[in-house]
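Trainee: I would like to learn how to read burial, contacts and surface patches from a model. Can we work through some cases?

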Amino acid sequence: MEVNPPKQEHLLALKVMRLTKPTLFTNIPVTCEEKDLPGDLFNQLMREDPSTVNGAEILMLGEMLTLPQNFGNIFLGETFSSYISVHNDSNQVVKDILVKADLQTSSQRLNLSASNAAVAELKPDCCIDDVIHHEVKEIGTHILVCAVSYTTQGGEKMYFRKFFKFQVLKPLDVKTKFYNAETDEVFLEAQIQNITTSPMFMEKVSLEPSIMYNVTELNSVTQAGECVSTFGSRGYLQPMDTRQYLYCLKPKKEFAEKAGIIKGVTVIGKLDIVWKTNLGERGRLQTSQLQRMAPGYGDVRLSLEAIPDTVNLEEPFHITCKITNCSSERTMDLVLEMCNTNSIHWCGVSGRQLGKLHPSSSLCLALTLLSSVQGLQSVSGLRLTDTFLKRTYEYDDIAQVCVVSSAVEVEA
């Protein structure tokens, strides 16, 4: 009968501990009124408790710190830090010790060891220490693989490894919406929700625009000459709370002048979010490139460059229109027709030739009109006809103006 030799115990011991900051110690205050049976007993015990704050014993928060009692949660964007210690538990001198730490994710395997060089020898009761850091960039299951190889005094080469599995959770839920203005401006609304169980201090939420756009943040107001955040002086985001950030993007001049460029799917940019949690632990996330579908304007686009907000009744006023040939191949020969409505009357010659408009080019047109009805009136009735294709493009509800009577007197 064959007998297997007993499994040999290793001379070295491996310990792996996660490095996290401590938390503030909390206690549960127990108190009562003086007329109750215990009298001042409970209050006296709280005053003598070293974990309470002097003069504020009934507060749950104390002045002492508590070391982490478990592995805790790791969130995307945070830095994972771990302390690795290899201790010689034997009475022998061990040689050629090599400690290797790898992090296995769902998509890659990363080497986190500070050094890949072997230690010449390790005496009894001595240890090799190493601290590793890694910025977590993937959610899901992560496995920390720690491998140790060494040589005994007898020249035998030994090897063992340990696995430490942990989950990386999502700290924020980010949703975006795009709003297209009548001009080429684009408004981005970013909704950011804290889906962790602890408050966050939002240090920075910014939009890094693509090469085609300039960005303006709309998350502050000016008060008494100072720029004040719309979220107040405190930047804390409580668990499950949501904030809405707003940005305005405007195409750069060199891109806005080329009508054929801003079509279809365009890259807007990416959000850069930086936050801090308990005792200043920092986290950072960057979204992937945000994309939006540019609105389609057909072959010809008509936009307003200038229009007054308020005009007088039955008095002419001027507007400036911009006509753009959105085609990248075809030249157009355009004719402008102006059709009156019940309230809006155009001044000038209808049916006039505008001439040839080459692909991706524009022309500005000054027009005069007047309104015969008071109130908020819609500017409508422009028609553009391409004589080459015999195709007519209709433009109604281009803009709105407020028409007031010039005879109205303002009371003092």
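Mentor: We can start with burial, keeping in mind that this model is predicted. Buried means under 20% relative accessible area. W275 has 0% relative accessibility, so W275 counts as buried.

Trainee: Where does W275 lie, and how far is its C-alpha atom from that of M202?

Mentor: W275 belongs to strand β20, which covers residues 265–276. Its C-alpha atom is 4.5 Å from that of M202, although 73 residues separate the two along the chain.

Trainee: Is T277 buried or exposed?

Mentor: The relative accessible area of T277 is 16%, so T277 is buried. T277 sits in the loop between β20 and β21 (282–286). Apart from neighbours within four places in sequence, T277 is in contact with E78, P199 and M200.

Trainee: Why is F164 described as partly exposed?

Mentor: Partly exposed is the class between buried, under 20%, and exposed, over 50%. F164 has a relative accessible area of 27%, so F164 is partly exposed. F164 is part of strand β11, residues 157–169.

Trainee: Which residues is F164 in contact with, leaving aside neighbours within four places in sequence?

Mentor: The contacts of F164 beyond those neighbours are V16, H142, I143, L144 and C146. For L144, the C-alpha to C-alpha distance to F164 is 5.0 Å, with their positions 20 residues apart in sequence.

Trainee: Which residues form a nonpolar patch on the surface?

Mentor: L24, L65 and L279 form such a patch, and together they have about 270 Å² of accessible area. Of these, L65 is found in strand β3, residues 61–66.

Conventions: Residues are numbered from 1 along each chain as its sequence is written. This is a predicted model: local features need pLDDT of at least 70, side-chain atom pairs count only at pLDDT 80 or more; totals for chains, interfaces and linings use all residues. Side-chain values use heavy atoms; hydrogens and water are left out. Patches are made of residues with over 30% relative accessible area and no salt bridge: like charges are joined within 9 Å, nonpolar side chains (Val, Leu, Ile, Met, Phe, Trp, Tyr) within 5 Å. Accessible areas come from the Shrake-Rupley method with a 1.4 Å probe; for residues, only the protein chains shown count as cover. A salt bridge is a side-chain nitrogen of Lys or Arg within 4 Å of a carboxyl oxygen of Asp or Glu. Helices (H or I, at least four residues) and strands (E, at least two) are DSSP runs, numbered from the N terminus. Buried means under 20% relative accessible area, exposed over 50%, partly exposed in between (1.4 Å probe, protein chains only). Contact means heavy atoms within 4.5 Å.
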